[in-house]
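Grab a pencil and open the structure viewer. Here are a few exercises, each with a solution worked through in steps.

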Amino acid sequence: MTVNGAPAEVAADPGTPLLDVLRGELGLVGTRFGCGVGLCGACFVLLDGVVTAACDTPLSAAEGRSVVTVEGLAPGDELHAVQRAVLEEQAGQCGYCLSGIMVSAAALLARDPRPDEEAVVAALDRNLCRCGVQRRVVRAVLKAAE
C-alpha cells in the first residue's frame, strides 16, 4: 500500500485492523482509536480518497491502495487549509476527534471546494465530538474553503 504518498510494506496478519498498523507499525499516531466499530470518526483515513474507518478495516483491504492519514493531508511542511483553519479558529477543545474531522473535511473540500454550511454539516455527520465544538469546526471548514 501507499501511505501518505510513500510505499509501505508491513508484515502483519491481513486481518489486523488498519488502525493498528498505522499507529503501531508505522508510527502514525494522529489517527485515533475511538469506538472500535467505525461509528465515531476518530479513526477516519482516506482509502483511495474515500473516508474510511481504519478501526474496522482489515489491513488486507488496503493492499495495493492509497491511504492518507491526518499527517498526510498536506505535502511537506505546510498545513492543509483545514488544518490551518482549525488552528486559526481554535476549533478544538480536547482534540481527540479532530484528526478524523479534518480527514472528513479535506475529503469534502477535494470534491466540493466551496461547500455551504449544510454541505459541511452533512460531511461531518459521522464524526462525533464529546466536547461540543461542532459549530467552531463548521466555521473552520467554511474558512478553509475561502
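**Exercise 1.** Describe how helix α3 packs against helix α5 in this predicted model.

*Solution.* Start with the geometry: two packed helices are described by the angle between their axes and the distance between the axes. Here the axes of α3 (residues 98–111) and α5 (residues 134–144) come within 11 Å, crossing at roughly 35 degrees. The crossing is right-handed. Next, look at who touches whom: α3 brings Leu-98, Ile-101, Ala-105, Leu-108 and Leu-109, while α5 brings Val-137, Val-141 and Ala-144. Finally, sort these by class: eight are nonpolar, with no polar and no charged residues in the contact.

**Exercise 2.** Find out which parts of the chain the Glu-88 and Lys-143 salt bridge ties together.

*Solution.* First check the pair: nitrogen and oxygen sit 3.1 Å apart, inside the 4 Å cut-off for a salt bridge. Then place the residues: Glu-88 is in helix α2 (residues 81–88) and Lys-143 is in α5, so the bridge ties together parts 55 residues apart in sequence. Now for exposure: Glu-88 is partly exposed at 47% relative accessible area, and Lys-143 is partly exposed too, at 29%.

**Exercise 3.** Work out where the partners of the Glu-117 and Arg-135 salt bridge lie.

*Solution.* The closest N and O atoms of this pair are 2.7 Å apart. Glu-117 belongs to helix α4 (residues 117–123) and Arg-135 to α5, with their positions 18 residues apart in the count. Glu-117 is partly exposed, with 37% relative accessible area.

Technical notes. Residues are numbered from 1 along each chain as its sequence is written. This is a predicted model: local features need pLDDT of at least 70, side-chain atom pairs count only at pLDDT 80 or more; totals for chains, interfaces and linings use all residues. Side-chain values use heavy atoms; hydrogens and water are left out. Axes are lines fitted to C-alpha atoms, for helices over the stretch in contact, and angles run from 0 to 180 degrees between N-to-C directions. Helices (H or I, at least four residues) and strands (E, at least two) are DSSP runs, numbered from the N terminus. A crossing is left-handed if the near helix is turned anticlockwise from the far one by less than a right angle, and right-handed if clockwise. Contact means heavy atoms within 4.5 Å. Ala, Val, Leu, Ile, Met, Phe, Trp, Tyr, Cys and Pro count as nonpolar, Asp, Glu, Lys and Arg as charged, and the others, Gly among them, as polar. A salt bridge is a side-chain nitrogen of Lys or Arg within 4 Å of a carboxyl oxygen of Asp or Glu. Buried means under 20% relative accessible area, exposed over 50%, partly exposed in between (1.4 Å probe, protein chains only).
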